[in-house]
Amino acid sequence: MKIEEVRSASLADYEVFQHLVQEITTKDSSDRGQNKKIRLPYDYKKISSGVISYLSKNKTSSSDDSSNWNPITMPEYDDTKFVDILTTLNEKTNGKLYKWEKLQLINTSPKSMVEIFTIVEECDNRLEESEIEAILEVFATVHASNSV
């Protein structure tokens with residue numbers, strides 16, 4: 001197998017979740033309206049439902065509760081909040097972040113500089129300390145608005 005394009009498209013967890021939920025609800029409504037059913041492969045259904053259940057879990061639970069612990073902390077987004085976060089990240093960093101870095105930041109919701117340094121390539125050369133702190137503030141406000 002030959003890889004023709006490396007990373008031809010990047011999606012955030014939120015975008016994947018929205019797509020799968022929309023696809024399942026569309027398939028269900030079209031199945032009810034028509035006599036012929038669209039049969040999806042079993043593996044597709046199993047993988048889709050697994051991804052949906054993984055992404056829909058409460059990912060903000062504390063790490064003290066080992067039964068519900070999840071390394072990814074994805075706050076609940078809606079379309080406007082998602083776009084607002086991307087826009088704010090562009091403004092705060094003067095467009096210095098790549099798209100995949102912004103999406104990875106959204107997926108992980110960093111709480112410390114160390115987390116940002118692991119996501120952003122050559123962070124110390126590309127971003128100033130004030131820009132890194134601005135990124136942390138963006139996600140701190142997201143977490144604060146979700147806990148209210």
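1. Start with Glu101 and Arg126: in this predicted model they form a salt bridge, and the closest N and O atoms sit 2.7 Å apart. The pair ties together distant parts of the chain, with Glu101 in helix H4 and Arg126 in helix H6 (residues 123–126), 25 residues apart. Are the two partners buried or exposed? Glu101 is buried, at a relative accessible area of 0%. Arg126 counts as buried too, at 17% relative accessibility; the cut-off for that label is under 20%.

2. The other bridge to look at is Lys96 with Glu131, where the closest N and O atoms are 3.2 Å apart. This pair also links distant parts of the chain: Lys96 belongs to the loop between helix H3 (79–92) and helix H4 (99–108), Glu131 belongs to helix H7 (residues 129–147), and 35 residues separate them. Here the two ends have different labels, because Lys96 is partly exposed at a relative accessible area of 29%, whereas Glu131 counts as buried at 4% relative accessibility. With that, the count of salt bridges comes to two.

3. Before you lean on any of this, check the confidence. The mean pLDDT of the protein is 75, and 70% of the residues reach 70 or more. Residues 58–74 are the stretch to flag: the pLDDT there is below 50, yet in the model this stretch has 21 contacts beyond near neighbours in sequence. Which elements have the lowest and the highest mean pLDDT? Helix H1 (residues 13–33) has the lowest, at 70, and helix H5 (residues 113–119) has the highest, at 92.

4. Now the overall layout. The protein has seven helices and zero strands, so the pattern along the sequence reads α-α-α-α-α-α-α. Of the contacts with a separation of 6 or more, 62% are between residues 24 or more positions apart. Buried residues make up 30% of the 148 residues. The accessible surface comes to about 10,300 Å², and 51% of that belongs to carbon and sulfur atoms.

5. Helix H3 passes a simple geometry check. At 1.5 Å a residue, its 14 residues should span 20 Å, and the end C-alpha atoms are 20 Å apart, which agrees. In H3, the residues Phe82, Ile85 and Leu89 are buried. Why do the buried residues line one face of the helix? Seen down the axis of H3, they fall within an arc of 60°, so they line one face. The general background is that an α-helix has 3.6 residues a turn, so residues three or four places apart point the same way. On the other side of H3, Thr80 and Glu91 are exposed.

6. Two backbone spots are worth a look. Just after H3, Asn94 takes a positive phi of about 55°, although Asn94 is not a glycine. Asn94 is in the loop between H3 and H4 and is exposed, with a relative accessible area of 58%. Ser109 has a positive phi as well, about 45°, and is not a glycine either. Where does Ser109 lie? The place is the loop between H4 and H5. Unlike Asn94, which is exposed, Ser109 counts as buried, at 0% relative accessibility.

7. Lys102 deserves its own point. Lys102 lies in helix H4 and counts as buried, at 12% relative accessibility. Which residues does Lys102 touch, not counting those up to four places away in sequence? They are Leu86, Leu89, Asn90 and Leu97. Of these, Leu89 also turned up above among the buried residues of H3. Along the chain Lys102 is 90 residues from Ala12, while the C-alpha atoms of the two are separated by 8.8 Å.

8. Last, Ala134, which lies in helix H7. Glu131, the salt-bridge partner of Lys96, is in H7 too. Ala134 counts as buried, at 11% relative accessibility. How far apart are Ala134 and Lys92, in sequence and in space? The two are 42 residues apart in sequence, and 6.2 Å apart from C-alpha to C-alpha.

Definitions and conventions
Residues numbered from 1 in each chain as written. Predicted model: local features only at pLDDT ≥ 70, side-chain atom pairs only at ≥ 80, totals over all residues. Heavy atoms only, no water. pLDDT = per-residue confidence, 0-100. Helix = DSSP H or I, 4+ residues; strand = E, 2+ residues; numbered from the N terminus. Contact = heavy atoms within 4.5 Å. Salt bridge = Lys/Arg side-chain N within 4 Å of Asp/Glu carboxyl O. Buried < 20%, exposed > 50% of the residue type's maximum accessible area, 1.4 Å probe, protein only. Expected span 1.5 Å × (residues − 1). Arc of directions from axis to C-beta. Areas by Shrake-Rupley, 256 points an atom, 1.4 Å probe, with all protein chains shown as cover.
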